[in-house]
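User: Please take a close look at the largest cavity of this model and at the parts that surround its lining. A connected account would be appreciated.

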Amino acid sequence: MVIVSAQYQLPHHIWVETAVLGSRFDTYIGAARATVVTPAPEGLADSARQPSLKGVPVSAWDPATPWTTTYAAFNVANATALRHIGLELREDGRDVPVRFLHQQNQENRIADYTANIIAEWFAGVEDWVSVVTGEDINHRQPVFDANVIGPGLQLWRGGKWRDGGFRVMTPRPQPLSAVFLQAILDRVADGEQPPVEHQLRRDSLGAFRRRDFRKAVLDAATSVERCLIVLIGKIEQRTGNKCTARSIVSRSNWLVRHEPSYQPHSDLNRLADCRNAVIHAGESASESDARSAVEVSIAVVDALGASRDPRQPVSGL
């Protein structure tokens, strides 16, 4: 069997328990069968060296490669931030497609295919990680733990231009265990996304932190509406009663009449009004409205959303 060894720098680091170091996880990157090989522990609990990959001699590795980094943070005992991984790629179980004639060579085909799809693969991984851990690790819309004020702000001080300094937020990450990391890789291998409502809740909170209040309100409202629609669908199947409501408030009112266990959030009407003003009137959202929207989203998704445990099957409508 042809095996292509590779290394991959994660677009955004992922916090893992130190027990994850020196491990191998089987998954798929699209159609390519892949073994994710984490760096090997070395010396201190939070330091690591290159993984052992088929056909790659020790002399081929750059000793300066930062495989892991443990930043100053709360809640990271026996944990580290994974920054690079090793990969062993092969064709096994699924056919790796051919794009060009020269890729009739299996090694070329696997290498080219993986290079073109790995960014999409990591996007799926980080979607699951952010939903499971509650962290905002979306490298496509990042929130940095430390950044220059401004950014790019310079101050005239002491007769010269000086950098404005740094704004530092100490993170409190939730490290992944080997069990959860393997479960996430299994879900991504099967092409399964985490529950939509949890992704929307994550995006709403991330937008609020970036002070993008309009997006925070829209994503919060959509996450809530998704939960209501799914619950309505279950009740319709169980009782035969049909819901013709088409707004958040009317759907909620229908649930009050047909599901005794359902309790609407006290700020649900405020969320609906703000969402409508943003969409239909093009109005901006205030920080107060956005904060309320995020709080409603968190409460409703926690109460009504699907499980965000990657070990459980993802259920939809």
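Analyst: Helices and strands are here DSSP runs, numbered from the N terminus, with at least four residues for a helix and at least two for a strand. The model is a predicted one. With that naming, β1 (4–17), β7 (79–90), α1 (106–133) and α2 (178–189) each contribute at least two residues to the lining of the largest cavity. Among these elements, α1 gives the most, with three residues.

The search of the whole structure returns two cavities of 30 Å³ or more. The largest cavity holds about 100 Å³ of space. Its lining consists of Leu-10, Ile-14, Val-36, Leu-82, Ile-85, Trp-121, Phe-122, Val-125, Leu-181 and Leu-185. In terms of class, the lining comprises 10 nonpolar residues, with no polar and no charged ones. As general background, empty space left between atoms is revealed by rolling over them a probe the size of a water molecule.

One lining residue, Phe-122, also takes part in an aromatic pair. The structure contains three aromatic pairs. In one of them, the ring centres of Tyr-8 and Phe-122 are 6.3 Å apart and the planes meet at 65°, so the arrangement is edge-to-face; the cut-off for that class is an angle over 60 degrees. Because Tyr-8 belongs to strand β1 and Phe-122 to helix α1, this pair ties together parts that are 114 residues apart in sequence. Both partners are buried: Phe-122 has a relative accessibility of 1%, and Tyr-8 has a relative accessible area of 12%, where the threshold for burial is under 20%. A further aromatic pair joins Phe-208 and Phe-213, which is tilted, with 5.6 Å from centre to centre and 40° between the planes. Phe-208 and Phe-213 are both buried as well.

The helices α1 and α2, which each supply at least two residues to the cavity lining, also serve an open space. The second largest pocket has a volume of about 280 Å³. It is lined by 16 residues, of which Glu-120, Trp-121, Gly-124, Val-188 and Gly-191 are the closest to its centre. The elements that give two or more residues to this pocket lining are α1 and α2, and α1 gives the most, with seven residues. Trp-121 is thus named both in the lining of the largest cavity and among the residues closest to the centre of this pocket. By class, the pocket lining has eight nonpolar, four polar and four charged residues, whereas the lining of the largest cavity has no polar and no charged residues.

Another residue to consider in this region is Pro-310, which is located in the segment after α7 (287–304). Pro-310 counts as buried because its relative accessible area is 0%, and burial requires a value under 20%. Beyond its neighbours within four places in sequence, Pro-310 contacts Trp-128, Val-132, Phe-180, Ala-183, Ile-184 and Arg-187. The C-alpha atoms of Pro-310 and Phe-180 are 7.0 Å apart, although 130 residues separate the two along the chain.

Finally, the cysteines may be noted. The structure has zero disulfides. Cys-243 is buried, with a relative accessible area of 11%, and Cys-274 is likewise buried, at 9%.

How values were computed. Residues are numbered from 1 along each chain as its sequence is written. This is a predicted model: local features need pLDDT of at least 70, side-chain atom pairs count only at pLDDT 80 or more; totals for chains, interfaces and linings use all residues. Side-chain values use heavy atoms; hydrogens and water are left out. On a 1 Å grid over the protein atoms alone, a cavity is a set of points where a 1.4 Å probe fits but cannot get out, and a pocket is an open set with protein on both sides within 12 Å along at least five of seven lines; lining residues have an atom within 4 Å of a point. Grid points are joined across faces, edges and corners, and a volume is the space filled by probe spheres set on the points. Ala, Val, Leu, Ile, Met, Phe, Trp, Tyr, Cys and Pro count as nonpolar, Asp, Glu, Lys and Arg as charged, and the others, Gly among them, as polar. Buried means under 20% relative accessible area, exposed over 50%, partly exposed in between (1.4 Å probe, protein chains only). Contact means heavy atoms within 4.5 Å. A disulfide is a pair of cysteine sulfur atoms within 2.5 Å. Rings of Phe, Tyr and Trp (its six-membered ring) pair if their centres lie within 6.5 Å; planes under 30 degrees apart count as stacked, over 60 as edge-to-face and the rest as tilted.
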